[in-house]
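Open the model in your viewer and keep the selection box at hand. We will move from stop to stop, picking out a few residues each time.

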Amino acid sequence: MIILASKHLAVYCNLLFCFLAGFVSAETVTVTVGTDAILKCSYDAKYYGRLSACWGKGTIPNSGCANEVLKTDGTSVISRLSERYLLMGNLGQGDVSLTIRHAEEQDSGVYGCRVEIPGWFNDQKHHVTLKVNAVPPNPLRIEAREVKERTVTIRWSHVFNGGRPITAYRVDIKNKQTPWETKKTTELHDPSLTHVTLVDLSPSKTYNLRVFAINSVGMSETSNVLTITAKEAAPEGPPLDMQLVALSSSSIKVTWKPPRTELRNGVLRGYNINYREYDPVAKQFKRWQYLTVAATREQETVTLVNLKPSTMYGVLIQAKTIAGVGPASNAPLCSTLDETTSTTSATPSTSATSTTSTTPSTSATSTTSTTPSTSATSTTSATPSPSTISITFYAATVWEQSTASISGVPPDPPVIELKKVDSNSFSLFWNISSEGDSPITGYFLEYKAVNASWDYTKNAVDFGAHETEATIIEMNPSTYNVRMFAKNSQATSAASNVLTITTGEAGHQKDILITSMMPYTASPLNSPSHHLIGIFVAVGLLVVTGAILTTWQLRRLKQKKGTLSIWLGNGEVRYTDCESLHEL
């Protein structure tokens with residue numbers, strides 16, 4: 001009996017040992033990358049006093065902590081693997097919860113907390129499973145670096161990537177007056193980007209811009225929305241419906257309308273009116289005379305005065321904004337009317353003589369007045385009233401080049417190379433072999449349509465002295481020529497090599513991303529297995545629904561006509577009844 005009891009006692013002791021040694025509480029903590037993770041663990045410090053404790057990554061072994069990350073003697077931390085591991089609780093109250101600052105995905109795993117309670121098998125053990133989930137990147141903060149007539153450069157700083165590398169950026173732009181559904185979207189697959197230049201904007205137009213960062217988890221929330229207004233430019237269209245009407249022998253009335261609205265490129269400030277005399281014998285014009293009037297209405301009128309009689313004049317009108325003068329309108333030459341002169345002279349005689357000379361197609365009138373000792377002579381000569389002569393002449397806007405003398409050695413021309421071409425954007429980089437007599441102060445890039453002329457005043461983008469690459473977004477994808485100049489404090493280099501770049505061949509897409517472009521929301525239904533289950537369920541429901549509808553229709557037909565026989569012959573459905581199967 002004693003022997004049996006001793007055997008049972010040994011079994012009970014072994015079970016008790018296993019129970020005490022294996023009793024471990026556990027919980028799960030889920031956080032996102034970049035946040036602080038707090039793993040709870042505590043003991044009754046009022047009962048036991050201050051006790052030693054440790055934290056390790058992995059399950060708790062028979063003694064100590066596996067892969068120890070932190071240890072405390074109950075008063076302070078005596079060792080830790082990294083500055084990210086902290087005890088933020090009140091040690092005097094037994095709170096030994098572990099705080100992991102700025103959790104990363106690799107921090108995920110099982111952590112064990114052991115509190116060393118005096119006595120055999122008394123240690124308190126607690127397991128915590130930590131799950132650190134990656135998220136989309138943080139929203140960007142964008143700002144405009146340079147706004148010109150047709151270009152804008154925006155920039156941003158790198159942000160927290162959400163635990164996964166940023167793979168792309170998305171740039172949206174739209175007219176301020178339109179909804180975001182009308183936006184133009186460009187995806188840039190260069191995670192190192194911090195700025196981008198958009199070209200081919202419309203002068204004086206206001207735009208909204210926003211940028212998203214993208215990683216493998218999803219897309220960030222939108223950046224701040226930037227509102228930019230392109231600078232005004234000189235008008236691109238001439239005044240319209242220009243007409244010349246002779247009012248007298250010394251005046252001509254000129255009327256016109258402003259350029260087309262989309263070609264004004266800003267607020268019209270006024271008009272330059274240039275007119276000059278035309279010599280039909282020498283077939284040449286004389287010197288220009290100038291007049292400036294303010295832009296006031298949609299139908300403008302001005303009268304040119306102090307003109308010569310019976311003389312043809314040519315008139316050009318140019319609209320102007322604060323940025324410059326646009327192209328000139330042109331109209332046929334217009335002649336002033338003929339002059340009528342009346343001359344009176346006094347003589348001792350009392351005779352009055354009237355002389356009239358006329359030319360073809362002209363009526364001449366004379367008036368005679370007689371007074372004592374006076375003779376009055378009135379002579380009127382008239383020339384043919386000329387018809388409008390259709391001699392069209394044009395004024396071209398000539399962009400003046402700098403005439404400053406070069407006092408130093410300019411930099412060598414840059415060498416530019418194409419890095420990448422996407423649907424409506426391209427990236428390029430450049431280098432230079434010699435800076436000349438002084439350090440480089442900057443670069444400027446010129447671009448134009450392949451069949452257009454170079455025009456620095458319209459299509460140029462400036463870059464800093466230390467920039468060596470750029471990404472350009474084309475608002476109107478096409479084929480472009482691109483070249484670059486370097487400049488220092490002394491002079492500007494010659495033009496670089498010219499690149500011919502075609503964008504937009506794949507067609508412009510307003511929404512490049514579909515699934516990955518949606519704002520990120522955590523969902524347990526994103527796994528492939530759940531998608532397959534959903535597909536199978538949907539197919540099954542369709543099959544069952546089709547079978548039920550077919551059976552129901554057959555019963556209706558049978559009730560309506562009595563019998564209905566259907567069989568399959570030669571791959572076709574046949575029926576033996578005169579009732580149409582239209583309802584089936």
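Is strand β3 largely enclosed by the rest of the structure or left open, and why? Four of the five residues of β3 are buried, so the strand is largely enclosed by the rest of the structure. Buried here means under 20% relative accessible area, exposed means over 50%, and partly exposed lies in between, with a 1.4 Å probe and protein chains only.

Before going further, note that this is a predicted model, in which local features need pLDDT of at least 70, side-chain atom pairs count only at pLDDT 80 or more, and totals for chains, interfaces and linings use all residues. Residues are numbered from 1 along each chain as its sequence is written, and side-chain values use heavy atoms, with hydrogens and water left out.

**Stop 1: β3 and its partners**

Select residues 53-57, which make up β3. Strands are DSSP runs (E, at least two residues), numbered from the N terminus. Two strands pair if DSSP finds at least two bridges between them. Now add β4 (68-72): β3 and β4 are antiparallel, with four bridges between them. Trp55 is the residue to centre on, with Leu70 of β4 opposite.

Next, show β8 (109-115). β3 is joined to β8 by five bridges, again with antiparallel pairing. Here Gly56 faces Gly112 of β8.

**Stop 2: the nonpolar cores**

Keep Trp55 selected and add Leu39, Val96, Leu98, Ile100, Val115 and Leu130: these have the most contacts inside the largest nonpolar core, a group of 28 residues. A nonpolar core is a set of buried Ala, Val, Leu, Ile, Met, Phe, Trp, Tyr and Cys residues joined through side-chain atoms within 4.5 Å. Among the strands that each supply at least two residues of the largest core are β1 (25-32), β2 (37-39), β7 (98-100) and β9 (124-133).

For the second, separate core, of 22 residues, select Val171, Ile173, Leu188 and Ala213, which are among its members.

**Stop 3: the loop between β8 and β9**

Pick Phe121, in the loop between β8 and β9. Its phi is positive, about 55 degrees, although Phe121 is not a glycine. This residue is partly exposed, with a relative accessible area of 42%.

**Stop 4: a four-stranded sheet**

Which order do the strands β12, β13, β15 and β16 take in their sheet? The order is β13-β12-β15-β16, in an open sheet with antiparallel pairing. β13 (184-188) and β16 (226-229) stand at the edges with a single partner strand each, so one side of each has no neighbour in the sheet. On average, neighbouring strands of this sheet are turned by 25 degrees against each other, direction ignored; the angles are taken between axes, which are lines fitted to C-alpha atoms.

Zoom in on β12 (residues 168-175), which is joined to antiparallel β13 by five bridges. Asp172 has Thr185 of β13 as its bridge partner. Although β13 is an edge strand, four of its five residues are buried, so β13 is largely enclosed by the rest of the structure.

Then follow the chain from β15 (206-214) into the loop before β16, where Ser220 sits. Ser220 is buried, at 3% relative accessible area. Draw a distance from Ser220 to Gly162: the two are 58 residues apart in sequence, and their C-alpha atoms are 9.1 Å apart.

**Stop 5: the largest cavity**

Select Leu188, His189, Asp190, Leu193, Lys420, Asp422, Ser425, Phe426, Ser427 and Thr471, which line the largest cavity. A cavity is a set of points on a 1 Å grid over the protein atoms alone where a 1.4 Å probe fits but cannot get out, and lining residues have an atom within 4 Å of a point. The volume of the largest cavity is about 50 Å³. Strand β27 (residues 425-431) gives the most to this lining, with three residues.

**Stop 6: a three-stranded sheet**

Finally, show the open antiparallel sheet β17-β18-β22. β17 (240-246) and β22 (300-304) are the edge strands, and the twist averages 15 degrees from one strand to the next. β17 and β18 (residues 252-257) pair over five bridges, with Lys253 in β18 as the bridge partner of Val245.

End at Asn306, in the loop between β22 and β23 (312-321). Asn306 is not a glycine, yet has a positive phi of about 60 degrees. With 72% relative accessibility, Asn306 counts as exposed.

Technical notes: Axes are lines fitted to C-alpha atoms, for helices over the stretch in contact, and angles run from 0 to 180 degrees between N-to-C directions. On a 1 Å grid over the protein atoms alone, a cavity is a set of points where a 1.4 Å probe fits but cannot get out, and a pocket is an open set with protein on both sides within 12 Å along at least five of seven lines; lining residues have an atom within 4 Å of a point. Grid points are joined across faces, edges and corners, and a volume is the space filled by probe spheres set on the points.
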